[in-house]
Amino acid sequence: RCKNLSVSFWNSYWMLPSDVCGVNCFWEAAFRYDYMKARSSEKMHLAVVACGERLEETVTMLRSAIIFSIKPLQFHIFAEDQLHESFKDILDDFPYEGKVNYTLYPITFPTESAAEWKKLFKPCASQRLFLPLILKNVDSLLYVDTDILFLRPVDDIWSFLGKFNSTQIAAMAPEHEEPRIGWYNRFARHPYYGVTGINSGVMLMNMTRIRRKYFKNDMTPVRLQWGEILMPLLKKYKLNITWGDQDLLNIMFFHNPESLYVFPCQWNYRPDHCIYGSNCKEAEEEGIFILHGNRGVYHDDKQPTFRAVYEAIKNYSFGDDLVHSLLQPLELELQKTMHTYCGRVYRVFIKQLTKSIRDLYGRRSRGR
């Protein structure tokens, strides 16, 4: 069993005035991590931000990442202080088999604007914007919302990092496939990426490139680095944004489209992909790779197809047979949801899951 790494707390973060030594010095002095002595290129780094009633949901997401992934995982869990002990109690009891390490962090924002960032959209959601500046020794990172479920190895989305061209720094999926139901192209009062915007619930980042890049913007002819651009963007657009930090990311990549790698919808499959009729062709062909249960659909009866997948993974016990304890009971539950639009295409919810289980047992039989 792999015990947790030491939990780092900061008593003096964001205390240096930025005009003393500039933004780079400001951030350099702000974050010191003793636990990260060296970065392993073999390790996949996954970050999540959990506040309020998101403990169970976050743990279920982490379970889904552990089940199928091949290379070792490093979890970076940003959570409110009152959740830390619960996370430790649960995660220390997982049978990691040497596969996973985790570190817990407090929720932290720049001192002079902490209240403003914390109340933006949902509590703590904008923490993700500061990950490149906090995790300074992490080269690349997969950020996911708490309501994400992995139906295939994390390794597979991690491999997109190798597909980035020389200008790309991050990867996300479109907000919508069908412009007729798109939110950004119909209602946004700010710039957004592409035709329908991007969804930041699954965000793969080359953070070394993010920290080095100077971003074009509509506030100044001078290009700004990541740590310099966030607050000016918020000040300019805070009365025009609805989805908080996701809107800010849309604005940034509108002005820097060459910096974004766009992956298909089956890597961030949400209710909008099926509640108005199936509109993610890639999922129809290959199945869902990453399920995103936004709008709380894991916890109500509005989209029972999504809830069935969540409950199946939440209740699965590590070590049990995946076919008999997870896949078969899940398919029976999904068949009960065929009265809904998403239920009519329930097979896309288990197509990739079936393959992931088959591949996992194949690796085990080969001793990998």
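How many cavities of 30 Å³ or more does the structure hold? In this predicted model there is one cavity of that kind, and the largest cavity has a volume of about 30 Å³.

To find the place, select Glu 175, His 176, Glu 177, Glu 178 and Ile 181, and then add Arg 270, Asp 272, His 273 and Asn 279, which together line the largest cavity. Colouring this selection by residue class gives one nonpolar, three polar and five charged residues in the lining. If you next colour domain 1 (44–263) and domain 2 (267–313 + 322–362) separately, you will see that both give residues to the lining of the largest cavity, so the cavity lies between them.

Staying with the later part of the chain, select helix H13 (residues 322–335) together with helix H15 (residues 347–365), which pack at an angle of about 170° with their axes 11 Å apart. Because angles over 145 degrees count as roughly antiparallel, H13 is roughly antiparallel to H15. Showing side chains on the H13 face of the contact brings up Leu 322, Val 323, Leu 327, Leu 330, Glu 331 and Leu 334, and these meet Arg 347, Phe 349, Ile 350, Leu 353, Thr 354, Ile 357, Leu 360 and Tyr 361 in H15. The residues of this contact divide into 11 nonpolar, one polar and two charged.

For the last stop, move to the loop between strand E9 (290–292) and helix H12 (304–315), and select Arg 295 within that loop. What is the value of phi at Arg 295? Phi of Arg 295 is near 65°, which is a positive value in a residue other than glycine.

Note on methods. Residues are numbered from 1 along each chain as its sequence is written. This is a predicted model: local features need pLDDT of at least 70, side-chain atom pairs count only at pLDDT 80 or more; totals for chains, interfaces and linings use all residues. Side-chain values use heavy atoms; hydrogens and water are left out. On a 1 Å grid over the protein atoms alone, a cavity is a set of points where a 1.4 Å probe fits but cannot get out, and a pocket is an open set with protein on both sides within 12 Å along at least five of seven lines; lining residues have an atom within 4 Å of a point. Grid points are joined across faces, edges and corners, and a volume is the space filled by probe spheres set on the points. Ala, Val, Leu, Ile, Met, Phe, Trp, Tyr, Cys and Pro count as nonpolar, Asp, Glu, Lys and Arg as charged, and the others, Gly among them, as polar. Domain bounds come from an automatic or database domain assignment. Axes are lines fitted to C-alpha atoms, for helices over the stretch in contact, and angles run from 0 to 180 degrees between N-to-C directions. Helices (H or I, at least four residues) and strands (E, at least two) are DSSP runs, numbered from the N terminus. Angles under 35 degrees count as roughly parallel, over 145 as roughly antiparallel, 65 to 115 as roughly perpendicular and the rest as oblique. Contact means heavy atoms within 4.5 Å.
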